[in-house]
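Subject: A structure for you to explore

Hello,

Here is the structure I promised to pass on to you. Please open it beside this email and follow along as you read.

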Amino acid sequence: MILRARIVITMDGPPIDNGAVALSGNKVVDVGKFDEIKMRNGGEIVDVGEQALLPGLINAHCHLDYTCLRGEIPAQKSFTDWIRAINAKKAKLSSKDYLTSIDEGFAEAKRFGTTTIANLTAFPDLIPQIEAPIRTWWFAELIDVRAPEHENEIVDRALESLQPAHNSGLAPHALFTASADLYRRCQEIAPQRNILLTTHLAESYEEMEMFHDASGPLYEFMKNIGRPMEDCGNETPLERFLDLIGSGRLPNRPRAIEVNRPYLPWIVAHLNELAESDFELLERSKRQFHIVNCPRSHDYFKHSHFPFERLRSLGFNICLGTDSLASNEDLSLFAEMRAFQRREPAISPEEIVKMVTLNPAMALHQEKMIGRIRPGFCADLVAVQCSEHDKPFEQIVGFDGSIDWIMVNGKM
Ligand SMILES: [Zn+2]
């Protein structure tokens, strides 16, 4: 099959005017000017018209469990109050509610041109009942604050539930809800099973207060539910995290990972609260991980400024995510790109589009499969209205609506 479009954005070279992509099954086999592609390849021609054809978007951080909580939690005065509010809502939800929520979330993400999602779920046992319509990395969210010393069982149970899911990972929730042993266990297992890891880190000022000063609303809340608090009052959340995952010491590389590529299993969400000493530490340790910024969830919570420029200049791979609808209004990565652009107007639209294509593909260790249009890559594509052909990236970031043409794994 040959797909022709007014412009093809490969994310692998300059945009191609009057371009085409040749497909065989679920793979891209050729890409270039329409005339040339027609000469080199046979098969049915599908014209997507006056649109830009680009790689399907990749959401690097999401919780589809909470799609049903859209608009349910008004912005709170404090992050800790929001945790209380979401816990109260969650107490009223059944497994059936969560299944519906996840299904509706998938459908919505797809309507907004997302073909791959990194989805954290607190209910990995529901995964076998779900048919994901897009490429999905399932991360089992792990919390042991109410079950201390059961971290091994919690991890083993999650791994069992994840087995049917082809692409998977573990997500110790955050430093304040997951124990040091739980983080260490995840860090140990990831290379053995060749799975990814993700966590929430340095998201709120209250988390910084808790770990650095042993005070504040989050400190009091966690102490009241019985969390041991000896790890508070010394380090920043980032220092604590790097201590736990063994600063400087890289985990053993899984056999399947190429020797010339750094093995970076962690995708760290947020990092809004960093002290000067954290930047010095990052510079010194040369420690790397992938980072996800969730611009609209960030705005909802009114967190401190996300230090994009500084983290980028330290060489970090930075992606965008939507977070859940308990702190966001929809699952559109286009809206996420615009929210990011409002805060970082100096960053080019092309670089912003990379944050939902190339960069998350790298975070998911799939940079040779998704995130670009290139021979050998998966046929995950999306078409976006594009009337001003000389500014395609501006048009993509500005796209406000639902997608009317999408292909996932070669299927329209
Ligand atoms: Zn999150």
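Let me start with a question: which residues are buried in α5? They are L182, Y183, R185, C186 and A190. Please keep in mind throughout that this is a predicted model.

Now look at α5 as a whole. This helix covers residues 180-193, and at 1.5 Å a residue its 14 residues should span 20 Å. The C-alpha atoms at its ends are 20 Å apart, so the expected and computed values agree. If you look down the axis of α5, its buried residues fall within an arc of 160 degrees, which means that they line one face of the helix. What do these buried residues pack against? Their partners are the strands β8, β9 and β10 (196-201), together with the helices α4 (151-162) and α8 (237-244).

Just after α5 comes N194, with a positive phi of about 55 degrees. N194 sits in the loop between α5 and β10. It has 15 other C-beta atoms within 10 Å, so N194 is partly exposed. K302 also has a phi near 55 degrees, again a positive value in a residue other than glycine. You will find K302 in the loop between α10 (295-301) and α11 (308-313). Is K302 buried or exposed? It is exposed, because only 11 other C-beta atoms lie within 10 Å and the cut-off for exposed is 12 or fewer.

Next, the sheet. Eight strands form an open sheet with parallel pairing, and their order is β6-β7-β8-β9-β10-β11-β12-β13. The edges are held by β6 (57-62) and β13 (317-320); each has a single partner strand, so one side of each is left without a neighbour in the sheet. On average, neighbouring strands of this sheet are turned by 25 degrees against each other, ignoring direction. As an example of the pairing, β8 (residues 135-142) and β9 (residues 168-172) run parallel and are joined by 5 bridges. Within this pair, L142 stands opposite P172 in β9. Helix α12 (residues 333-343) lies across β6, β7 (114-121), β12 (290-293) and β13, and runs at about 120 degrees to β13.

For an antiparallel pair, go to β2 (residues 16-24) and β3 (residues 27-33), which are paired over 6 bridges. V21 stands opposite V31 in β3. The two strands, β2 and β3, form a hairpin with 2 residues between them, and G25 in the turn has a positive phi of about 60 degrees.

One more residue to click on is A85, in helix α2 (residues 79-90). A85 counts as partly exposed because it has 16 C-beta neighbours inside 10 Å. Leaving aside neighbours within four places in sequence, A85 is in contact with I73 and Q76.

Finally, zoom out to the whole protein chain. It has 15 helices and 15 strands, and its C-alpha trace spans about 70 × 45 × 45 Å along the principal axes. A compact globule of 412 residues would have a radius of gyration near 22 Å, and the 21 Å of this chain agrees with that. Buried residues make up 49% of the 412 residues. Among contacts between residues at least 6 apart in sequence, 73% join residues at least 24 apart.

Enjoy exploring, and best wishes!

Key:
Residues are numbered from 1 along each chain as its sequence is written. This is a predicted model: local features need pLDDT of at least 70, side-chain atom pairs count only at pLDDT 80 or more; totals for chains, interfaces and linings use all residues. Two strands pair if DSSP finds at least two bridges between them. Helices (H or I, at least four residues) and strands (E, at least two) are DSSP runs, numbered from the N terminus. Axes are lines fitted to C-alpha atoms, for helices over the stretch in contact, and angles run from 0 to 180 degrees between N-to-C directions. Two residues are in contact if their C-beta atoms, placed from the backbone, lie within 7 Å. The expected span of a helix is 1.5 Å times one less than its number of residues. A residue is buried if 20 or more other C-beta atoms lie within 10 Å of its own, exposed if 12 or fewer, and partly exposed in between; C-beta atoms are placed from the backbone. The arc is that of the directions from the helix axis to the C-beta atoms. The radius of gyration is taken over C-alpha atoms; the globule rule is 2.2 Å times the number of residues to the power 0.38.
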